[in-house]
Amino acid sequence: MERNLEKHLDDTFRLPGIAGVICTDEHGLCLGAKGVATRETSGHIANIAESAARLNPNLPPPVIAIESEGGSILIKKEGTITMGIYKSPN
Amino acid sequence: MAVPFDRIPDSLGYLVLTEDGAVSGGDLENKEDVANQFMNIIQTALRIPLSSSKKDKFKKLSIVWDNFMYVITISAHKIYICKRRFIPPDAAMA
């Protein structure tokens with residue numbers, strides 16, 4: 001049932017510079033995780049996407065970038081799905 | 001202590017949150033509810049491990065919409081939030 005999603009996650013994970021990828025639903029349930037992304041963070045990822053969207057509820061959900069020396073995460077909510085992409089440091 | 005947010009290009013507003021209180025200006029002036037929302041976001045972001053090192057906390061947190069963004073950083077026990085105009089790179093090339 002999740003073959004399509006798994007394929008998309010795999011395709012994304014194989015791109016250069018991508019260290020991990022995670023997909024969650026609006027409740028924080030982890031739908032898939034690859035690489036350095038762990039299932040345990042799915043709740044936080046979903047929460048941060050929802051909280052950021054509530055800053056401006058009249059606008060589409062924003063892109064959230066969390067950056068550190070160890071890498072960065074890009075998070076975007078689209079409908080009921082939230083994606084997180086872990087990028088390796090340059 | 002005045003923070004020179006006017007030196008940040010395209011700055012639309014700012015919030016500085018400390019243990020003792022807050023300083024704000026521009027679009028974020030006196031927006032206490034927004035400050036509380038930012039605190040929730042920051043506390044969640046601090047819980048997300050970015051690498052195998054547990055000490056690796058975020059240096060910069062950006063929340064980006066089409067035309068503007070909030071850029072957040074923490075330094076010396078202070079949280080700095082700046083609202084800035086966002087100009088996508090493609091628009092600059094056109």
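These are my notebook entries on chain B, on a helix pair between chains A and B, and on the largest pocket.

**Entry 1: chain B.** I began by noting that the model is a predicted one. I then looked up the secondary structure of chain B, which comes to two helices and five strands, and I wrote down their order from the N terminus as β-β-α-β-β-β-α. For the extent of chain B, I took its C-alpha trace along the principal axes and found that it spans about 40 × 35 × 25 Å.

**Entry 2: a helix pair across the two chains.** I turned next to helix H2 of chain A, residues 42-55, and helix H1 of chain B, residues 32-46, which pack with their axes 9 Å apart and at an angle of about 160 degrees. Angles over 145 degrees count as roughly antiparallel, and H2(A) and H1(B) are therefore roughly antiparallel to each other. I also noted that the crossing in which H2(A) passes H1(B) is left-handed.

Which residues make this contact? From H2(A) I listed A:His44, A:Asn47, A:Ile48, A:Ser51, A:Ala52, A:Arg54 and A:Leu55, and from H1(B) I listed B:Val34, B:Gln37, B:Phe38, B:Asn40, B:Ile41, B:Thr44 and B:Ala45. Sorting the contact of H2(A) with H1(B) by class, I found seven nonpolar, six polar and one charged residues.

**Entry 3: the largest pocket.** I looked up the volume of the largest pocket, which is about 170 Å³. Its lining has 16 residues, and those closest to its centre are A:Val36 and A:Tyr86 from chain A, together with B:Leu50, B:Ser51 and B:Ser52 from chain B. The elements that give two or more residues to this lining are strand S4 (71-78) and strand S5 (81-87), both of chain A, and the largest share, three residues, comes from S4(A).

How many residues of each class are in the lining of the largest pocket? I recorded seven nonpolar, eight polar and one charged residues there.

Terms used. Residues are numbered from 1 along each chain as its sequence is written. Chains are lettered from A and ligands numbered from 1 in the order in which they are written. This is a predicted model: local features need pLDDT of at least 70, side-chain atom pairs count only at pLDDT 80 or more; totals for chains, interfaces and linings use all residues. Side-chain values use heavy atoms; hydrogens and water are left out. On a 1 Å grid over the protein atoms alone, a cavity is a set of points where a 1.4 Å probe fits but cannot get out, and a pocket is an open set with protein on both sides within 12 Å along at least five of seven lines; lining residues have an atom within 4 Å of a point. Grid points are joined across faces, edges and corners, and a volume is the space filled by probe spheres set on the points. Helices (H or I, at least four residues) and strands (E, at least two) are DSSP runs, numbered from the N terminus. Ala, Val, Leu, Ile, Met, Phe, Trp, Tyr, Cys and Pro count as nonpolar, Asp, Glu, Lys and Arg as charged, and the others, Gly among them, as polar. Axes are lines fitted to C-alpha atoms, for helices over the stretch in contact, and angles run from 0 to 180 degrees between N-to-C directions. Angles under 35 degrees count as roughly parallel, over 145 as roughly antiparallel, 65 to 115 as roughly perpendicular and the rest as oblique. A crossing is left-handed if the near helix is turned anticlockwise from the far one by less than a right angle, and right-handed if clockwise. Contact means heavy atoms within 4.5 Å.
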